[in-house]
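Here is my note on the model you sent. Keep the structure open and follow the points in order.

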Amino acid sequence: MDHGRRIDALLEAAGLEARASDTPGPSAGGGTTARVVRLTDAGGRPVAVAKLADASVDDRRIDAEAHVLAVLGPRHGLPVPELLARRGRDLLLRWVGDAGAGAAAGDGLHGPVLDALQRVHRVRPAGPDAAPLAAWGRGTADRTAAFERRARRLERRLEGFLALLPPDTAARWRPRLDRLRERHAEACRIVAALGGDRLIHGDLHRGNLRCDAAAVVLIDWQQASIGHPLVDVVRWLVEHGPPDAATCREQARTHARAVATPPDDAALGALLDTTTAGLVSGFGGRSPGTLRDWERSLITHALDERGWLATHAEG
């Protein structure tokens with residue numbers, strides 16, 4: 001079925017009159033997991049977004065996102081889009097703001113994002129509410145296989161990531177990332193052993209934020225899982241938080257105390273390792289010409305020599 005027919009099926013299911021205002025394009029992270037199309041009313045005002053899943057996406061990821069939006073979001077008052085309809089692998093979402101609004105909002109988002117995450121991390125899915133969500137690190141297979149896939153992906157994409165960096169930055173980070181490869185599997189096991197029974201987003205960055213009526217809305221829940229809340233928070237602090245390690249560390253511990261058990265130093269180190277591996281794997285498959293301005297800024301911020309990652313990598 002072509003994109004137009006898939007959109008029409010969603011609109012019919014929702015009882016909504018709207019039309020596509022643009023050509024289907026890649027989702028806001030630059031990935032290929034879905035085609036996202038803005039839909040407008042007769043006056044040209046945006047009213048909804050059609051998210052048309054790519055054939056490569058595992059059905060369980062779509063189930064996880066739909067479950068968060070349709071069940072957990074309304075039940076717990078979470079900052080997520082409203083799910084208007086689902087047809088097979090496609091979702092129709094209430095419009096909540098322009099793509100990139102979160103990326104352009106600047107440092108003023110930091111506090112509101114941490115507040116939104118506290119609301120998310122207070123949710124403890126159990127029983128039927130937990131069924132569509134995997135434990136962190138398990139992905140769509142068993143836990144050991146998931147860790148092996150993470151390691152293979154890191155190996156494949158390390159050189160590509162270094163190629164995105166200025167030569168002097170790449171030279172500083174190459175030995176650090178080589179050490180990361182050696183301890184990556186153990187870091188994954190430590191993070192998984194933290195357990196945690198909280199809802200986590202799993203792919204939190206500014207591209208997955210929208211700003212609606214001065215409120216932060218978290219989108220793209222395909223990687224939602226159950227685990228320790230600092231999986232989300234450490235990534236956010238590394239990529240978008242304060243530029244000094246001490247402040248990031250304290251903010252992470254403060255968040256953990258509010259919603260869970262704060263990890264020890266070894267676990268925090270493992271969280272930093274898995275966050276670094278995610279950064280490398282996420283961008284290592286990209287070419288410089290495909291990076292958005294906010295993505296370049298994210299990489300620069302994360303690798304700042306004053307920052308948490310650099311301090312940890314040199315420790």
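1. Start with a term. Two strands count as paired if DSSP finds at least two bridges between them. The model is a predicted one. With that rule in hand, look at strands E3 and E4. Val37 stands opposite Ala50 in E4. Val36 stands opposite Lys51, also in E4. E3 covers residues 34-40, and E4 covers residues 46-53. The two strands pair in the antiparallel sense, over 7 bridges.

2. Now look at the turn. E3 and E4 form a hairpin, with 5 residues between them. Gly44 sits in that turn. Its phi is positive, at about 85°.

3. Which strands extend the pairing? Strand E1 (residues 19-20) pairs with E3 in the antiparallel sense, over 2 bridges. The bridge partner of Ala20 is Leu39 in E3. On E4, the pairing is with strand E6 (residues 90-94). That pairing is antiparallel too, over 5 bridges. Ala48 stands opposite Arg94 in E6. As background, side chains in a regular strand alternate between the two faces of the sheet.

4. Is E4 largely enclosed or largely open? Count its buried residues. Buried means under 20% relative accessible area. In E4, 6 of the 8 residues are buried, so the strand is largely enclosed by the rest of the structure.

5. Turn to the cores. Nonpolar side chains tend to be buried together in soluble globular proteins. Here the largest nonpolar core has 72 residues. Phe161, Leu199, Trp221 and Trp308 have the most contacts inside it. Another core lies apart from it. This one has 10 residues, among them Ile7, Leu10, Leu52 and Ala85.

6. Pick out Trp221. What does Trp221 contact, leaving aside neighbours within four places in sequence? The list is Ala64, Glu65, Val68, Leu69, Val80, Val120, Leu199, Ile200 and His201. Leu199 is also named among the core residues with the most contacts.

7. Next, charge. Side chains of opposite charge can pair when their charged atoms come close. How many salt bridges are there? The count comes to 29. The next points take a few of them.

8. Arg189 forms a salt bridge with Glu186. Their closest N and O atoms are 3.3 Å apart. Both residues lie in helix H6 (residues 167-193). They are 3 residues apart there, so about one helical turn separates them. Arg189 counts as partly exposed because its relative accessibility is 45%. Glu186 is partly exposed as well, at 41%.

9. Arg235 forms a salt bridge with Asp203, with the closest N and O atoms 3.0 Å apart. This pair links distant parts of the chain, 32 residues apart. Arg235 is in helix H7 (residues 230-240). Asp203 is in the loop between strand E7 (198-200) and strand E8 (209-212). Is Asp203 buried or exposed? Its relative accessible area is 16%, so Asp203 is buried.

10. Asp304 pairs with Arg306 in a salt bridge, the closest N and O atoms being 3.0 Å apart. Asp304 is partly exposed, at 23% relative accessibility. Arg306 is exposed, with a relative accessible area of 55%. There is also a network. Salt bridges that share partners join Asp168, Arg172, Arg176, Arg179, Glu305 and Glu314.

11. Finish with helix H9 (residues 265-283). Ala266 lies in this helix. At 52% relative accessibility, Ala266 counts as exposed. The cut-off for exposed is over 50%. What separates Ala266 from Ala187? Along the chain they are 79 residues apart, and their C-alpha atoms are separated by 9.2 Å.

12. Ser281 is found in H9 too. Ser281 is buried because its relative accessible area is 5%. Which residues does Ser281 touch, not counting those up to four places away in sequence? They are Arg153, Leu154 and Arg157. Set the two residues of H9 side by side: Ala266 is exposed, whereas Ser281 is buried.

Key: Residues are numbered from 1 along each chain as its sequence is written. This is a predicted model: local features need pLDDT of at least 70, side-chain atom pairs count only at pLDDT 80 or more; totals for chains, interfaces and linings use all residues. Side-chain values use heavy atoms; hydrogens and water are left out. Helices (H or I, at least four residues) and strands (E, at least two) are DSSP runs, numbered from the N terminus. Buried means under 20% relative accessible area, exposed over 50%, partly exposed in between (1.4 Å probe, protein chains only). A nonpolar core is a set of buried Ala, Val, Leu, Ile, Met, Phe, Trp, Tyr and Cys residues joined through side-chain atoms within 4.5 Å. Contact means heavy atoms within 4.5 Å. A salt bridge is a side-chain nitrogen of Lys or Arg within 4 Å of a carboxyl oxygen of Asp or Glu.
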